[in-house]
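Here are my comments on the structure, set out as numbered points for you to read beside the coordinates. They begin with backbone details and then go on to the pocket and the cores.

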Amino acid sequence: MNAARPSSAHFSEDDRRAMRRALELAERGLATTHPNPRVGCVLTKEGRTVGEGWHEWAGEPHAEVMALKAAGTEAAGATAYVTLEPCSHQGRTPPCAEALIAARVKRVVFAINDPDPRVDGRGAERLRAAGIEVESGLMQSEAAELNAGFIKRAAHGRPWVRLKLAMSLDGRTALANGASQWITGEAAREDVQRWRARSSAVLTGIGTVLADDPRLDVRLRMPRPRPPLRVVLDGALRTPPDARLFESGGKVWIFADSAADPARRSALEARGAHIELVPSTGRLDLRQVLARLSLDQMNEIHVEAGPTLAGAMIRERIADELLIYVAPILLGPQGRPLADLPRLEALADAPRFEIVESAAIGPDLRVRVRPRVAGPDGPEQGARQA
């Protein structure tokens with residue numbers, strides 16, 4: 001169903017201002033709405049804002065309902081600006097399209113259509129059938145960016161994969177002896193915590209577990225925190241039962257080869273780990289891993305791994321985005337590389353990326369890049385793609 005029916009109408013500056021505010025509100029749910037999308041809503045009437053709301057927690061009222069509650073009787077005759085098409089189905093909460101109709105709003109402007117097949121145009125059509133003016137496409141790139149993982153999962157059956165890396169100016173992640181703590185400064189490490197907090201899962205490989213014994217948890221003070229799922233790719237189940245992964249609570253999933261030692265599996269399950277068996281030909285099938293995580297409604301996967309897994313994700317075009325922290329130091333040619341990639345004979349064969357954001361984080365630089373070439377799951381992934 002073609003949901004959006006993008007309007008060719010010229011949106012006014014008031015429209016843009018209201019939608020910009022709705023996007024700001026939606027961002028407040030970055031770390032709390034999983035597995036739902038982040039959505040904001042603003043109601044205006046005669047040039048005044050009469051109600052605002054955002055989806056705060058999964059299972060609780062959606063953005064439109066919160067804004068309508070704030071507006072009260074002022075909602076009648078108002079324009080509703082929503083960052084995502086209002087839902088039309090009964091889930092854990094009632095359909096938002098019906099709430100807007102019952103409140104007698106006059107006009108609804110939404111940024112992007114909802115890719116969820118239970119909605120995907122039905123919300124917009126239900127509003128139009130009730131005589132409400134509906135327009136879409138306002139600030140759609142910004143709205144899609146906010147819910148890149150939700151959209152990716154709905155459209156392609158796999159999560160958005162964000163590969164976090166930290167390196168020196170000469171592209172090294174550690175000294176030759178493996179020492180890497182700390183390449184980047186405290187501000188960058190705190191920034192990484194925020195990216196973890198907004199993710200559905202934090203994933204690493206067994207090499208990182210054995211070398212660094214990470215916790216992979218979120219160490220930010222947050223109200224009602226939702227700890228992301230922690231995932232380890234460990235074909236032979238070499239994860240130590242006393243690893244720090246098991247100390248901080250929350251769920252731990254370990255993906256292993258079906259031929260892994262049953263005794264090791266039992267020992268890890270006794271520590272609370274959930275073991276998922278996936279096909280392997282010497283290395284776990286990464287697409288099978290992502291498909292399984294998608295079934296468990298994982299939207300964004302935050303990956304922190306060494307050069308082997310990082311290189312595999314880049315080679316197989318699985319990484320939708322690279323989140324790179326660059327420290328102003330040099331480690332020399334003996335240092336460990338950013339990613340294990342095959343030898344290139346021509347520059348034309350080099351993986352190419354597009355910079356979508358750069359920002360100073362304390363003394364370091366954070367750069368986000370996305371592949372420029374078309375991947376097997378969809379169109380070219382550039383700066384404007386979600």
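1. Q297 counts as partly exposed, because its relative accessibility is 41% and the partly exposed class lies between 20% and 50%. This is a predicted model, and in it Q297 sits in the loop between α10 (286-295) and β12 (300-304). Its phi is near 65°, a positive value in a residue other than glycine. Most residues other than glycine have a negative phi, and most peptide bonds are trans.

2. A second residue to look at in the same way is L216, where phi is near 60°, again positive although the residue is not glycine. L216 belongs to the loop between α8 and β9 (229-233). Is L216 buried or exposed? With a relative accessibility of 1%, L216 counts as buried, since the cut-off for that class is under 20%.

3. The peptide bond that leads from H34 to P35 should also be checked by eye, as the model makes it cis, with omega near 5°. P35 itself is placed in the loop between α1 and β1.

4. The largest pocket holds about 1500 Å³ of space. Its lining comprises 49 residues, and those closest to the centre of the pocket are T208, D212, E304, A305 and G306. Several elements, namely β6 (160-167), β7 (172-174), α7 (186-197), α8 (206-212) and α11 (307-315), each contribute at least two residues to this lining. By residue class, the lining of the largest pocket is made up of 21 nonpolar, 14 polar and 14 charged residues.

5. T208, one of the residues closest to the centre of that pocket, is part of helix α8. T208 is classed as buried because its relative accessible area is 16%, where the limit is under 20%. Leaving aside residues up to four places away in sequence, T208 is in contact with D213, P214, E304, A305 and G306.

6. Which residues touch the most other members of the largest nonpolar core? Among its 41 residues, these are M19, L43, L100, V105, V108, L127 and I132. At least two residues of this core come from each of α1 (13-27), β1 (40-45), α2 (63-71), β3 (79-84), α3 (96-102), β4 (107-112), α4 (122-129) and α5 (140-146). The most is given by α1, which supplies six residues. In soluble globular proteins, nonpolar side chains tend to be buried together.

7. L127 can serve as an entry point for inspecting that core, and, with residues up to four places away in sequence not counted, L127 touches P86, A97, L100, I101, V108, I132 and V134. Apart from this core lies another, of 35 residues, whose members include L229, L286, A305 and A319.

8. A search of the whole structure for aromatic pairs finds one. This pair is formed by W253 and F255 and is tilted, with 6.2 Å from centre to centre and 55° between the planes. W253 and F255 are both buried.

9. Lastly, A176 is located in the loop between β7 and α7. Apart from residues up to four places away in sequence, A176 touches Q334, G335 and R336. The C-alpha atom of A176 is separated by 58 Å from that of S12, and the two residues are 164 residues apart along the chain.

Technical notes: Residues numbered from 1 in each chain as written. Predicted model: local features only at pLDDT ≥ 70, side-chain atom pairs only at ≥ 80, totals over all residues. Heavy atoms only, no water. 1 Å grid on protein atoms, 1.4 Å probe; cavity = no way out; pocket = protein on both sides within 12 Å on 5 of 7 lines; lining within 4 Å. Points joined across faces, edges and corners; volume = space filled by probe spheres on them. Helix = DSSP H or I, 4+ residues; strand = E, 2+ residues; numbered from the N terminus. Nonpolar A, V, L, I, M, F, W, Y, C, P; charged D, E, K, R; others polar. Core = buried A, V, L, I, M, F, W, Y, C linked by side-chain atoms within 4.5 Å. Buried < 20%, exposed > 50% of the residue type's maximum accessible area, 1.4 Å probe, protein only. Contact = heavy atoms within 4.5 Å. Phe/Tyr/Trp six-rings, centres within 6.5 Å; stacked < 30°, edge-to-face > 60°.
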